[in-house]
Amino acid sequence: MRSGREWRYRLVLALPLVCLSGCGGGQSTLSPHSGPARTISSLWWIMFVGSALVFALVVALIAVGLLKRRRTSPGTKFVVGLGVVLPVVVIVSLFVLTLDALPKTSPSSAKTRFQVDVVGREWFWDVSYPATGARTANEIHIPVGVPVDVRVTSSDVIHSLWVPELNRKVDAIPGHPNDVVFDAREAGVFRGQCAEFCGLEHAHMALEVVAEPRAAFDDWLHRASAPAPPPANARLERGQQVLLGSDCEYCHRIAGTNASGTVGPDLTHIASRLSLAAATIPNSRGYLAGWILDPQHIKPGNKMPATNLSGPDLQALLDYLESLR
Amino acid sequence: MAATNVEQLRHEWAEPGALMTAVATVDHKRIGVRYLITATLFFLLAGLEAVTMRTQLARPNERLLTPEAYDQLFSMHGITMIFLFVTPMLSGFGNYFVPLMVGARDMAFPRLNALSYWVFLASGIFMYSGLLIGSAPDAGWFSYAPLSSTSPGSNLDFYGLGLIFLGISSTAGAVNFIVTIIRLRAPGMSLNRMPLFCWAILATSLSLVFAIPSLTADCLFLELSRKWGYHFFDAAHGGDALLWQHLFWIFGHPDVYIIFLPAVGIVSTIIPVFSRRPMVAYHLVALATMATAFLGFGVWVHHMFAVGLPQITMTVFAAASMVIAIPSGIQVFAWIATLMRGRPVMRTPFLFVVGFIVTFVIGGLSGVMFAVIPFDQQVTDSYFVVAHFHYVLFGGAVFPILAAIHYWLPKISGRMLDERLGAASFWSIFLGFNLTFFPMHIAGLLGMPRRVYTYPSGMGWDALNLLSTIGSYVLAIGILMVVVNVLWSLVRGRPAGNDPWEANTLEWSTTSPPPNYNFATIPVVRSPDPNWDEPQRSDLLLAHGHETVATSELEGELDGVLRMPEESVWPLILAVSLAVFFVGLIASSNTAAWTGIGMIVVSLAGWHLPTARGDERSDPPPAERTGGWWGMVLLIATEATLFAVLLATYFYLRFEPKGAWPPDGLRDPKLLKPLVATLILVASSASIVLSTLAARRGQLVRVRVGLLVTIALGVVFLILQRQIIDASLRAFHPGTDAYGSIFYTLLGLHAAHVVLGVLLAAWAVLRTIRFDRSAVVTVRVVSFYVHFVNVVAAVVFLALYVSPRG
């Protein structure tokens with residue numbers, strides 16, 4: 001019985017260690033890529049070791065109780081010592097750790113340079129850069145080494161923005177704007193996901209944070225602030241007409257065209273994005289076509305209806321969308 | 001103590017025919033067993049839901065379930081486990097064993113007890129009928145607004161109305177337990193000799209009395225928003241989404257201890273028995289139980305660390321949350337000390353208890369981590385929290401419940417369970433449980449959010465989820481083994497005898513199963529372990545009626561003899577009437593809802609008719625503070641909490657979303673007419689005081705005049721209030737904004753209480769037709785309610801009419 005439990009324990013203890021080294025590119029709280037995320041992961045490891053010690057103590061005492069040969073007679077002193085003094089020592093230490101870590105992970109401490117507005121929607125993230133006109137979805141670009149104030153709110157139900165490798169989560173609540181600081185230490189793509197249950201497609205409400213060197217970021221912001229490029233040839237022209245002639249424009253916005261809907265994600269520079277449907281599928285021609293024709297198969301319950309298009313119309317539309325870089 | 005004694009008791013406590021017993025019994029043992037069976041069925045349903053979800057989550061991108069189905073399953077799983085299984089299951093054990101453990105012959109209010117069960121059953125069926133028609137609640141067990149307040153369909157109405165309905169059962173049950181424990185203990189059982197299980201039930205019941213109103217108010221706001229267009233949670237109309245969360249967790253965190261404390265009481269019952277030693281640090285453990293229940297009310301904000309509250313608020317609540325580690329620590333190490341002192345006997349109940357300590361310590365340790373605010377903000381709403389609360393709730397409540405089944409079933413059925421099958425089921429459950437839930441800690445740390453119906457591959461979550469799913473099957477097999485063991489034992493189990501475990505508490509001093517009257521003689525208690533006392537107890541004979549004894553609250557000194565009520569079908573009829581009312585609400589059928597209200601009034605009247613065997617020999621109430629006195633005080637406590645929550649909501653909505661109050665375009669409400677109406681109502685306090693004074697002196701005419709004046713003043717108030725509301729509606733209505741919503745909710749709810757006060761006064765008038773001492777008590781108890789309603793009227797007046805001018 002005891003050996004079985006120990007064996008299991010070794011296994012489960014080993015698992016996070018394996019993943020710590022081998023699970024990059026996910027959204028692990030244990031592979032921090034910013035100061036705040038590192039503070040929190042250190043908290044975890046400190047508490048994990050402390051908990052393991054207390055747990056070992058309890059199991060050892062139970063084992064003594066069950067297997068002992070001599071009589072022992074612990075009394076009230078034992079109960080007060082282990083049941084009052086020990087918890088008091090533990091919670092005082094934890095409280096000190098909390099007071100130390102709280103400012104490091106809170107927005108007030110960092111001198112943020114600029115703000116990104118993120119609005120949680122059922123079921124995507126509407127992202128905009130105030131005073132630039134740049135607007136995108138499900139993708140937040142930030143410069144490496146520059147603390148960015150991410151202001152989070154919601155226009156429908158409560159969501160929660162969670163990019164574990166950069167910082168703690170923060171709820172997106174209608175009428176309550178909240179802030180969280182993203183300050184990536186190195187370039188990379190960090191996945192995040194909605195953490196507050198928000199209805200049918202809560203499972204498919206992810207996003208990516210793209211941290212890139214300052215120059216690359218400035219370049220991206222410059223392009224993202226511009227309206228969509230006008231169609232460069234007749235084929236793209238036709239694609240744009242398909243879009244403007246279908247239901248697409250009622251829900252989507254493409255800056256520089258008549259499409260100005262606000263129900264779905266902004267498509268002005270859709271071709272430059274890493275993924276589609278709130279980081280649910282890759283941004284490739286095939287997936288894009290599948291999404292347009294039957295979005296309910298990929299993400300059942302989402303607000304986009306299927307679009308019925310002829311083969312040539314679809315191809316032209318895809319060409320046009322792929323030109324929106 | 002002779003055969004004649006037992007013969008007389010058999011006659012006095014004889015049951016009517018089987019059919020009549022089925023619908024009308026008030027025997028706490030029958031009601032307890034019904035609770036246990038019904039709750040077990042809900043547990044099996046919730047387990048089935050869980051296994052289905054785990055199957056969906058076994059692999060990434062699985063499409064076994066649609067998101068609609070998954071959302072309903074996880075919501076019903078949580079709602080069922082929390083509201084329809086754990087609490088009712090523990091109520092079942094409480095119902096069966098609290099009277100036996102304190103040496104009483106029934107609960108303090110047997111008919112109210114029957115009502116609690118019927119309402120629990122009806123509300124459970126009500127909530128599950130949503131699943132049958134494919135529109136079960138689908139926003140989780142805590143159903144955050146505005147998702148819950150704006151979702152289409154009836155799904156969330158089954159939740160909101162169902163929980164208000166169930167709250168009646170929980171509140172009635174809690175009041176019953178409290179009065180039973182403080183009034184019906186055997187002579188000599190002072191509070192410091194009371195079994196720890198009874199301490200736990202007392203702490204839990206007190207928590208329920210003060211926690212349920214917050215949930216009721218929240219669900220009331222939810223339904224008013226969903227069905228009648230009120231704006232409590234809607235930021236665009238002056239409401240606030242966080243209001244839901246505050247009220248929910250003011251209920252929800254105490255509810256965690258409501259679930260956990262009775263389970264802990266079971267552990268504190270079983271450990272001394274199987275260690276063959278009295279509980280070490282008994283007093284500290286009793287104190288820790290009460291302290292946990294009390295502290296539970298001061299920590300709710302730790303469920304809301306990610307919503308963006310001020311740091312100072314969060315820090316205070318984090319500190320309060322950490323303090324809970326102290327009473328938990330005391331209990332854990334008191335169990336371990338008892339176990340170390342004794343010579344443990346490894347039987348199935350004890351295995352489950354040891355399994356409980358191990359899993360609960362893990363859950364407690366991960367629980368303390370949530371008080372470290374930044375860590376909480378990182379892992380809350382991830383699978384880490386799913387792992388944590390299953391360690392606390394499955395580890396902390398289900399293991400003790402399984403221990404209790406193996407420990408107490410021999411008393412209930414008179415037969416033992418099989419030890420080998422018991423041990424096998426324990427290992428299957430223990431291993432399956434840890435295999436299911438331990439990997440979830442890691443999945444959460446690796447970033448897997450909770451409540452997702454599927455997940456992408458390549459995140460490091462696949463293997464962990466597969467392990468969890470396999471674990472859930474192993475766990476399910478273990479549970480089925482328990483079911484088989486229980487059914488087998490009912491048919492073939494070895495006869496248990498009175499006391500198979502050589503236990504220390506009173507339930508083991510009577511036969512298994514106990515007779516209708518529980519004890520042939522009323523035990524007299526001299527220590528916390530009465531069944532271990534030598535020599536034999538010197539019992540009291542009490543055989544000449546359908547009676548039990550009452551004792552004083554603290555010392556347990558003999559106070560008098562209570563005549564216990566007979567069977568009654570009215571609790572069942574009242575429960576059905578309530579069900580008609582709630583079905584009318586969910587179906588938006590005014591006819592059905594009003595029919596329900598009519599039926600409720602009729603069944604309340606029927607309930608209080610004198611019964612055939614009933615009042616022929618009504619003893620004078622033995623003490624100043626009778627059961628009815630305590631019952632009314634507790635009812636007022638819970639109702640006062642409800643109004644406190646509503647008034648807190650009024651000021652929260654006024655100060656939290658900042659803006660003018662009343663909102664722009666509205667003038668301050670007019671003062672004069674409400675002032676006059678309030679003064680008229682408050683005057684009824686004077687008339688009812690005259691009534692109570694006259695009742696004590698036996699001046700029948702003055703009693704009646706006082707009561708009739710009280711009724712008249714109440715009616716005049718209601719007429720004036722109607723005019724005030726009509727006038728206000730011309731300026732603004734509940735759908736205008738949050739101000740209108742809370743304004744009319746407060747006025748409406750208070751008016752409903754005035755109606756109830758008037759009805760109670762009318763009932764008191766009827767009780768004076770045959771004027772005896774119990775009528776004196778009735779008048780006194782009704783006067784409390786009238787005073788309460790009048791105080792609320794004054795406070796509501798100050799809040800609604802005076803405070804906006806400040």
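**Exercise 1. The contact between the two chains**

Determine how many residues chain B and chain A each bring to their contact, and which elements of chain B take part.

*Solution.*
Step 1. Chain B supplies 67 residues to the contact and chain A supplies 75 residues.
Step 2. On the side of chain B that touches chain A, the elements giving two or more residues are α4 (67–102), α9 (241–275), α11 (311–323), α12 (325–341), α13 (348–369), α14 (373–379) and α16 (419–445) of chain B.
Step 3. Of these, α12(B) gives the most, with twelve residues.
Step 4. By residue type, this side of chain B divides into 50 nonpolar, eleven polar and six charged residues.

**Exercise 2. Confidence in the model**

The structure is a predicted model. State which ipTM and pTM the predictor gives the complex, and where in chain B confidence is lowest and highest.

*Solution.*
Step 1. For the complex, the ipTM is 0.92 and the pTM is 0.95.
Step 2. The average pLDDT of chain B is 93, and 97% of its residues score at least 70.
Step 3. Among the elements of chain B, strand β2 (residues 540–541) has the lowest confidence, with a mean of 82, while helix α3 (residues 28–56) has the highest, at 98.
Step 4. Residues 613–618 of chain B must be treated separately: their pLDDT stays under 50. The model has six contacts beyond four places in sequence for this stretch.
Step 5. Where pLDDT is low, predicted coordinates should not be read in detail.

**Exercise 3. The surroundings of one residue**

Decide whether B:R625 is buried, exposed or partly exposed, and locate it in chain B.

*Solution.*
Step 1. B:R625 is found in the loop between α19 (590–607) and α20 (627–655) of chain B.
Step 2. Inside 10 Å, B:R625 has 15 C-beta neighbours.
Step 3. A buried residue requires 20 or more such neighbours and an exposed one 12 or fewer; B:R625 therefore counts as partly exposed.
Step 4. B:R625 and B:R183 are 442 residues apart along the chain, yet 9.3 Å separates their C-alpha atoms.

**Exercise 4. The overall form of chain A**

Explain why chain A is described as more spread out than a compact globule.

*Solution.*
Step 1. Chain A contains nine helices and twelve strands.
Step 2. For 325 residues, the globule rule gives 20 Å, whereas the radius of gyration of chain A is 26 Å. Because this value is well over that of the rule, chain A is more spread out than a compact globule.
Step 3. Along the principal axes, the C-alpha atoms of chain A fill a box of roughly 95 × 45 × 35 Å.
Step 4. Of the 325 residues in chain A, 43% are buried.
Step 5. Among contacts in chain A with a separation of 6 or more, 65% come from residues 24 or more positions apart.

**Exercise 5. Strands β1, β2, β3 and β5 of chain A**

For β1(A) and its partners β5(A) and β2(A), state which pairing is parallel and which is antiparallel. Then follow the chain from β2(A) to β3(A).

*Solution.*
Step 1. Strand β1 (residues 114–121) pairs with strand β5 (residues 148–154) of chain A in the parallel sense, over seven bridges. Here A:F114 has A:V148 as its bridge partner.
Step 2. β1(A) also pairs with strand β2 (residues 124–129) of chain A, in the antiparallel sense and over five bridges. A:V118 stands opposite A:V127, and A:D117 stands opposite A:S128.
Step 3. The hairpin joining β1(A) to β2(A) passes through two residues.
Step 4. β2(A) pairs antiparallel with strand β3 (residues 134–137) of chain A over four bridges, and A:Y129 has A:A134 as its bridge partner.
Step 5. The hairpin of β2(A) and β3(A) has four residues between the strands. In its turn, A:A131 has a positive phi of about 70°.

**Exercise 6. The five-stranded sheet of chain A**

Give the strand order of the open sheet of five strands in chain A, and identify its edge strands.

*Solution.*
Step 1. The order is β4-β10-β9-β6-β7 (chain A), and the pairing is mixed.
Step 2. β4 (139–143) and β7 (170–172) of chain A are the edge strands, each pairing on one side only.
Step 3. On average, and with direction ignored, neighbouring strands of this sheet are turned by 25° against each other.
Step 4. One pairing within chain A joins β6 (residues 159–162) to β9 (residues 188–194) in the antiparallel sense over two bridges; A:W162 has A:Q193 in β9(A) as its bridge partner.
Step 5. Helix α4 (residues 214–225) of chain A lies across β4 and β10 (206–212) of chain A and runs at about 135° to β4(A).

Key:
Residues are numbered from 1 along each chain as its sequence is written. Chains are lettered from A and ligands numbered from 1 in the order in which they are written. This is a predicted model: local features need pLDDT of at least 70, side-chain atom pairs count only at pLDDT 80 or more; totals for chains, interfaces and linings use all residues. pLDDT is the predictor's confidence in each residue, from 0 to 100. Two residues are in contact if their C-beta atoms, placed from the backbone, lie within 7 Å. Ala, Val, Leu, Ile, Met, Phe, Trp, Tyr, Cys and Pro count as nonpolar, Asp, Glu, Lys and Arg as charged, and the others, Gly among them, as polar. Two strands pair if DSSP finds at least two bridges between them. Axes are lines fitted to C-alpha atoms, for helices over the stretch in contact, and angles run from 0 to 180 degrees between N-to-C directions. The radius of gyration is taken over C-alpha atoms; the globule rule is 2.2 Å times the number of residues to the power 0.38.
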